[in-house]
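Colleague: Got a minute to walk me through this model? I'd like to start with the strands and then see how the chains meet.

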Amino acid sequence: MGNLKLVQLAENGKRTKIKVGSVMIGEGLVIVGGPCGVESEKQTLKTAEAVKTGGGMMFRGGAFKPRTSPYDFQGLGLEGLKLLARARENTGLPIVTEVIDPRDVSWVCEFADILQIGARNMQNFSLLREVGKTGKPVLLKRGMYSTLKEWLNCAEYILAEGNPNVILCERGIRTFETYTRNTLDLSMVPAVKELTHLPIFIDPSHGTGKLSLIEKMSLAAVAAGADGLLLEVHCNPSEAKSDADQQLTPDQFAALVKKITKLSRFMDEKLFKTSIITGGDQI
Amino acid sequence: MKLNEVRQNIDLIDSKILKLLNDRMEQGLLAKRFKEQIEDSAREQEVLEQVNNNPNALIESEFSESIYKLIFAFSKKLQARELCLTGFQGEHGAYSEEAVRHYNREYVTIPCTTFNEVFEGVNSGLYDFGIVPVENTLGGNVGPVNELLINTDLRIIGAIDMPVHHSLLTAPGTDYREIREVYSHSQALSQCRCFLSRNNLTPIPYYDTAGAAKMLAETKPRGAACIASKLAAELYNLEVIKERVEDLGSNRTRFLLLAKSNQECESSKCSIVFTTEHKAGALFGVLRLFAEAGINLTRIESIPNEPGDYSYFIDFDGSNKEQVVLDTLDKVEKQTTGLKILGFYDEKKVEG
Ligand SMILES: [Mn+2]
């Protein structure tokens, strides 16, 4: 696995816990909900309320959108950040938002609680260094063409700058399969856990790109031991400016959270907390 | 140049016109303080002549005259309202002005260049009241104000303890990534030190927070921002990049409202200033009187008059309706040289 001295799991098995607001990441399941992009004041504040009522513990939303086409909606930028801060003021939910430009890092820190590094920027090393200098929790998504080793090395970059607060997030990789948007690689959850001390989240929304598959893959992620879920929720998904096909309605989100929470409680029993079969490659 | 740029210019000019109209109305109210009656047709004629002879190409005299007749009419209407004028140091949008609004929204606030001008203006009757900051949780006591209080004959008739929230403001259209320099009063800059260094911004001291906002709106220096109140953002048509950029959540300033004479009002606090003889235990003797009477002191401050010679400020909880307070003050007078009761008043605490 190369030189992963900072991210690898120590002998004592101690796992990283990150406190964000009143939420402790790495201690029970953390559900993050919110729209793909921050589009307007009404859409943001309404969705944030819905995420809160639906049982979400953090709010996500993109103010800077790295889009496939330069002509697609690029996000509201600073205005979007201000709206996210308003959403936090209204709901008390911590904010997770993506930063795509090293010049924006300090400003995004002013408004957000967790900095997200998107899949397309996983190996943007100057960006990784910049977020590494901040000390703010970083949610590092797996690049869509990246191996586990490459991904963990990117986390190592952030830790090497002095920021220990890294959360890994699997969001699906490119395979030859075309039915789904990406192939959600849930084996990463136990793999990350046996190799590193970092928490891992799963993003079934981008991982499948299909509304009908999100519930089952969320449950599977919880069964696999994920520390958190990142779910796209929009107060009116059909009008979303990006990722319209994979965003949950507030009702769907609330129902899903209910189900996930039940499973999560069940998984908390001792029987599921320890693995029956251990071993395999060590770092 | 594009249409939206022209429109940005128009918005800026409009905000200046309104600001100037407001300034003109203020001057009208001040002029009233020197006049027996509001009406002065000779002066109106004089102004109209100046206005009609203006060299601006597009402004025809018929147009300017009709505008000025409206201005006169509105100015006279305001003068007839017997408004209470309150002097404050700084430009419009200053925190002192915000404090006045918390005290009484009806009071008209008049900007002054210096604290001394505020004191003088109240003394001469130009203003009914003056408002001055005395202490801040982060910056400590406001030296020049305390020095003026030692020698003034004015009375404290009220106090406002108010949270101070700073905002980072820019001229519209400024890209936040281009901000390098931040203008503000040195005290405000020091209250936002961590914020500035986190974002690699260079603090540039300016004479006043709202003055920095005004300068930004008028001269639009490149890569510049200012730290001032949200009120200043509204007044000078600036964009709020971020609210609450102060480092401590509990950044508060205490303001005093001054008048020429005592006001008959409910009081719960008292401020005094005194000097003592140069002998051992002199200050202790005074403090003991308050302790023995069970009076709670809320502030004690010493200001040097000259090296080794101090004036002491004491604020305490108490009303001029309480006999124990009046008795204690009698005793204090005997123990001190030059006791001055600055006033009995009520203090308003603004939450948030
Ligand atoms: Mn998305």
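Modeller: Sure. Start with chain A, where 8 strands close into a barrel, in the order S3-S4-S5-S6-S7-S8-S9-S10, with parallel pairing. From one strand to the next the twist averages 25°. Keep in mind that this is a predicted model.

Colleague: OK, which helices pack on the sheet, and what do they touch?

Modeller: Take strands S4 (residues 58-60) and S5 (residues 95-98) of chain A before the helices: they pair in the parallel sense over 2 bridges. H5(A) packs on the sheet and touches S7, S8 and strand S9 (200-202) of chain A, its direction making about 160° with that of S8(A). Helix H8 (residues 211-224) of chain A packs on the sheet as well, touching S9 and strand S10 (228-232), and its direction makes about 165° with that of S10(A).

Colleague: Back to S4(A) and S5(A) for a second. Which residue does A:Arg60 stand opposite in S5(A)?

Modeller: A:Val96.

Colleague: Now S7(A). Are its faces covered or open?

Modeller: Covered on both sides. S7(A), residues 138-141, has A:Val138 and A:Leu140 on one side and A:Leu139 and A:Lys141 on the other, and all of them are buried. That split fits the usual pattern: in a regular strand the side chains alternate between the two faces of the sheet.

Colleague: And what does S7(A) pair with?

Modeller: One partner is strand S6 (residues 114-117) of chain A, parallel over 3 bridges. There A:Ile117 stands opposite A:Leu140. To get from S6(A) to S7(A), the chain crosses through helix H4 (residues 125-132) of chain A, and this β-α-β crossover is right-handed. Another partner is strand S8 (residues 166-170) of chain A, which runs parallel to S7(A) and is joined to it by 4 bridges. In that pairing A:Val138 has A:Val166 as its bridge partner.

Colleague: Which helix does the chain go through between S7(A) and S8(A)?

Modeller: Helix H5 (residues 148-160) of chain A, in a right-handed β-α-β crossover.

Colleague: Let's change topic. How many residues are in contact between chain A and chain B?

Modeller: 11 residues of chain A are in contact with 12 residues of chain B. The area buried between the two chains is about 1100 Å², and carbon and sulfur atoms give 53% of it.

Colleague: Which three residues of chain A supply more of that buried area than any other three?

Modeller: A:Leu78, A:Trp107 and A:Glu110, which supply 58% of the area that chain A buries against chain B.

Colleague: How many salt bridges across the interface?

Modeller: The rule finds 4 between chain A and chain B. A:Asp104 forms a salt bridge with B:Arg177, where the closest N and O atoms are 2.6 Å apart.

Colleague: Give me the overall picture for chain B.

Modeller: Chain B has 12 helices and 15 strands. Its C-alpha atoms fill a box of roughly 75 × 55 × 35 Å, taken along the principal axes. Of the 352 residues in chain B, 45% are buried. Among contacts in chain B between residues at least 6 apart in sequence, 74% join residues at least 24 apart.

Colleague: I had B:Thr86 marked. Where is B:Thr86 placed?

Modeller: In strand S1 (residues 85-89) of chain B.

Colleague: Why do you call B:Thr86 buried?

Modeller: Because its relative accessible area is 0%, and buried means under 20%. Leaving aside neighbours within four places in sequence, B:Thr86 is in contact with residues including B:Val100, B:Tyr107, B:Ile131 and B:Leu257.

Colleague: What about the rest of S1(B): how many of its residues are buried?

Modeller: 5 of its 5. B:Leu85, B:Gly87 and B:Gln89 lie on one side, with B:Thr86 and B:Phe88 on the other.

Colleague: Which strands does S1(B) pair with?

Modeller: Among them is strand S2 (residues 108-112) of chain B, parallel over 5 bridges, with B:Phe88 opposite B:Pro111. S1(B), helix H4 (residues 95-103) of chain B and S2(B) make a right-handed β-α-β unit. S1(B) also pairs in the parallel sense with strand S3 (residues 129-136) of chain B, over 3 bridges. In that pairing, your B:Thr86 stands opposite B:Phe129.

How values were computed:
Residues are numbered from 1 along each chain as its sequence is written. Chains are lettered from A and ligands numbered from 1 in the order in which they are written. This is a predicted model: local features need pLDDT of at least 70, side-chain atom pairs count only at pLDDT 80 or more; totals for chains, interfaces and linings use all residues. Side-chain values use heavy atoms; hydrogens and water are left out. Buried means under 20% relative accessible area, exposed over 50%, partly exposed in between (1.4 Å probe, protein chains only). Two strands pair if DSSP finds at least two bridges between them. A crossover is right-handed if, with the strands pointing away from the viewer, the path from the first strand over the helix to the second runs clockwise. Axes are lines fitted to C-alpha atoms, for helices over the stretch in contact, and angles run from 0 to 180 degrees between N-to-C directions. Contact means heavy atoms within 4.5 Å. Buried area is the accessible area (1.4 Å probe) that two parts lose on being put together, summed over both. A salt bridge is a side-chain nitrogen of Lys or Arg within 4 Å of a carboxyl oxygen of Asp or Glu.
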